[in-house]
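I opened my notebook to look up empty spaces, cysteines and nonpolar cores. My entries follow in the order I made them.

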Amino acid sequence: DVAEGVRTRLVVGVSFSRSAYLFPGVMAQFRRERPNCSVILVERPTSLLSQEDNLDLLIDVPHDESLLDTSVLLAEERLLLAVPPNPSGGDFPSVSLADFSDQPFVLLSEDQMLRQICFSLCAQEGFVPQIALECRSLQTAHAMAEAGVGVTLVPELFVRHAVRDRTMCYCVMQGHPAVRKLAVTYRSDRYLSEDARILIGLLQKLLR
């Protein structure tokens with residue numbers, strides 16, 4: 001950290017969708033503060049990232065505190081149902097998920113957590129979602145929902161940081177707060193570099 005002119009690198013594990021709306025907002029500032037650091041984004045489903053051993057930082061739901069892992073909270077977010085617009089609904093209106101039991105759904109692939117959460121929420125309402133289309137990208141799922149293919153589940157942070165023109169209605173699901181935490185986790189038994197500390201601070205500032 002104190003050596004001048006030494007190039008460093010930071011390996012960050014993050015899901016495809018989160019990297020697309022989190023990192024464009026912080027990388028320019030990070031480059032200004034740490035011009036000698038090269039950031040490598042390992043973009044995979046979180047179920048696979050948790051098995052990686054070469055990551056300096058992992059952006060995911062918080063891990064249980066242990067001697068091996070330390071988690072720093074970045075934000076809390078609601079999961080929202082993206083549906084065709086309702087002019088009288090206002091911003092983030094409340095709806096019953098059961099009312100959409102006969103609607104087609106656009107879902108992510110089976111190895112992604114957002115799909116598993118969607119199935120769990122639908123099961124609590126007594127139905128199995130009718131899958132009209134399955135894809136790997138949250139951006140693709142959202143675009144398909146915009147095109148009228150079906151409804152889809154999206155994180156609130158995605159709506160706030162990635163959706164420029166809100167043509168959809170984003171609804172809170174009654175009886176399902178569906179709030180989840182987002183954290184950055186690192187190994188407690190490894191040195192946390194100044195590069196990593198600065199990147200964590202920029203992410204916290206972005207999501208404040």
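**Entry 1: the second largest cavity.** I am working with a predicted model. I began with the residues around the second largest cavity. Its lining is made of Val106, Leu107, Leu108, Leu114, Arg115, Leu138, Ala141, Thr152 and Leu153. I noted a volume of about 40 Å³ for this space. Which elements supply at least two residues each to this lining? I found strand E6 (104-108), H4, helix H5 (138-146) and strand E8 (152-155). E6 gives the largest share, 3 residues. I then sorted the lining by type: 7 residues are nonpolar, 1 is polar and 1 is charged.

**Entry 2: the largest cavity.** Next I asked how many cavities of 30 Å³ or more there are. The count is 2. The largest has a volume of about 170 Å³. I listed 15 residues in its lining, and Ser15, Ser17, Arg18, Met113 and Leu114 are the closest to its centre. Helix H1 (16-22) and helix H4 (113-124) each give two or more residues to this lining. H1 gives the most, with 3 residues. By type, the lining holds 8 nonpolar, 4 polar and 3 charged residues. I wrote down Leu114 twice, as it lines the largest cavity and also the second largest.

**Entry 3: cysteines.** I looked for disulfides and counted 0. Cys135 is in no disulfide, and its nearest cysteine sulfur, that of Cys118, is 12 Å away. Is Cys135 buried or exposed? Its relative accessible area is 12%, so I put Cys135 down as buried, the cut-off being under 20%. I did the same for Cys37, which has 1% relative accessibility and therefore counts as buried too.

**Entry 4: nonpolar cores.** I kept one general point in mind here. In soluble globular proteins, nonpolar side chains tend to be buried together. The largest nonpolar core in this model has 60 residues. Which of them touch the most other members? My list reads Leu57, Ile59, Leu81, Phe105, Tyr170 and Leu199. I followed up Leu199. Leaving out residues up to four places away in sequence, Leu199 touches Leu10, Val12, Phe23, Val26, Phe30 and Leu57. Leu57 is thus on both of my lists: it is among the residues that touch the most other core members, and it is a contact of Leu199. I also found a second, separate core of 5 residues, which includes Val42, Leu49, Leu55 and Leu58.

Methods. Residues numbered from 1 in each chain as written. Predicted model: local features only at pLDDT ≥ 70, side-chain atom pairs only at ≥ 80, totals over all residues. Heavy atoms only, no water. 1 Å grid on protein atoms, 1.4 Å probe; cavity = no way out; pocket = protein on both sides within 12 Å on 5 of 7 lines; lining within 4 Å. Points joined across faces, edges and corners; volume = space filled by probe spheres on them. Helix = DSSP H or I, 4+ residues; strand = E, 2+ residues; numbered from the N terminus. Nonpolar A, V, L, I, M, F, W, Y, C, P; charged D, E, K, R; others polar. Disulfide = S-S within 2.5 Å. Buried < 20%, exposed > 50% of the residue type's maximum accessible area, 1.4 Å probe, protein only. Core = buried A, V, L, I, M, F, W, Y, C linked by side-chain atoms within 4.5 Å. Contact = heavy atoms within 4.5 Å.
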